[in-house]
Amino acid sequence: SDCVPVPVPWYNRGATSKFRCMENISRFLGACRDFFQIPEAQLFCSTDLTEGRDMQSVVRCVIALGARVQAMYPSFRGPRLQL
């Protein structure tokens, strides 16, 4: 059986508490860092998102992730960033 690595094996669905939301963001950032090898300088702090402190850094991270996914999976036919 082929095992496909999963960047985020589980997350809190419908997270309503701040703690659960922060946990999901930490898992996202961990996947960006460890699985997708996004440089630390391109990641954001969880409070940047939860408290709206630095949304530009959040957007930069998502753009970096999109570029990395396109490089890692060139045959992916889903949505692509067109910047």
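With a relative accessible area of 58%, Arg53 counts as exposed. In this predicted model, the side chain of Arg53 pairs up with Glu51 in a salt bridge, N to O at 2.8 Å. Glu51 also has a second partner, Lys18, and here the N to O distance is 3.5 Å. Put together, the shared partners tie Lys18, Glu51 and Arg53 into one network. The Lys18 pair bridges distant parts of the chain: Lys18 belongs to helix 1, while Glu51 sits in the loop between helix 2 (46-50) and helix 3, 33 residues apart. Lys18 is exposed, at 51% relative accessible area, whereas Glu51, at 39%, is partly exposed because that value falls between the 20% and 50% cut-offs.

Elsewhere, Arg33 and Glu40 form a salt bridge of their own, with the closest N and O atoms 2.9 Å apart. Glu40 is exposed at 51% relative accessible area, and Arg33 is partly exposed at 33%. Across the whole structure, the search turns up four salt bridges.

Turning to the interior, the largest nonpolar core has eleven residues: Ile25, Leu29, Cys32, Phe36, Ile38, Leu43, Phe44, Val58, Cys61, Ala64 and Leu65. Two elements, helix 1 (18-35) and helix 3, each supply two or more of these residues. Helix 3 is the top contributor, giving four. Cys61, one of the core members, gives a feel for the packing: leaving out residues up to four places away in sequence, Cys61 touches Phe28, Cys32, Gln42, Leu43 and Phe44.

Helix 3 also carries Ser57. Ser57 has just 5% relative accessibility and so counts as buried, the cut-off being under 20%. A polar atom of the Ser57 side chain lies 2.7 Å from the backbone oxygen of Asp54. Beyond the neighbours within four places in sequence, Ser57 is in contact with Gln42, Phe44 and Asp48. Phe44 thus turns up on the contact lists of both Ser57 and Cys61.

Not everything nonpolar is tucked away, though. Val59, Ile63 and Leu81 make a nonpolar surface patch of about 220 Å². Ile63 is placed in helix 3 (residues 55-72), and at 35% relative accessibility this residue counts as partly exposed. Helix 3 therefore holds both buried Ser57 and partly exposed Ile63.

Methods
Residues are numbered from 1 along each chain as its sequence is written. This is a predicted model: local features need pLDDT of at least 70, side-chain atom pairs count only at pLDDT 80 or more; totals for chains, interfaces and linings use all residues. Side-chain values use heavy atoms; hydrogens and water are left out. Patches are made of residues with over 30% relative accessible area and no salt bridge: like charges are joined within 9 Å, nonpolar side chains (Val, Leu, Ile, Met, Phe, Trp, Tyr) within 5 Å. Accessible areas come from the Shrake-Rupley method with a 1.4 Å probe; for residues, only the protein chains shown count as cover. Buried means under 20% relative accessible area, exposed over 50%, partly exposed in between (1.4 Å probe, protein chains only). A polar contact is a pair of N or O atoms within 3.5 Å; within protein, one must be able to donate a hydrogen and the other to accept it, and residues adjacent in sequence count only if both atoms are side-chain atoms. Contact means heavy atoms within 4.5 Å. A nonpolar core is a set of buried Ala, Val, Leu, Ile, Met, Phe, Trp, Tyr and Cys residues joined through side-chain atoms within 4.5 Å.
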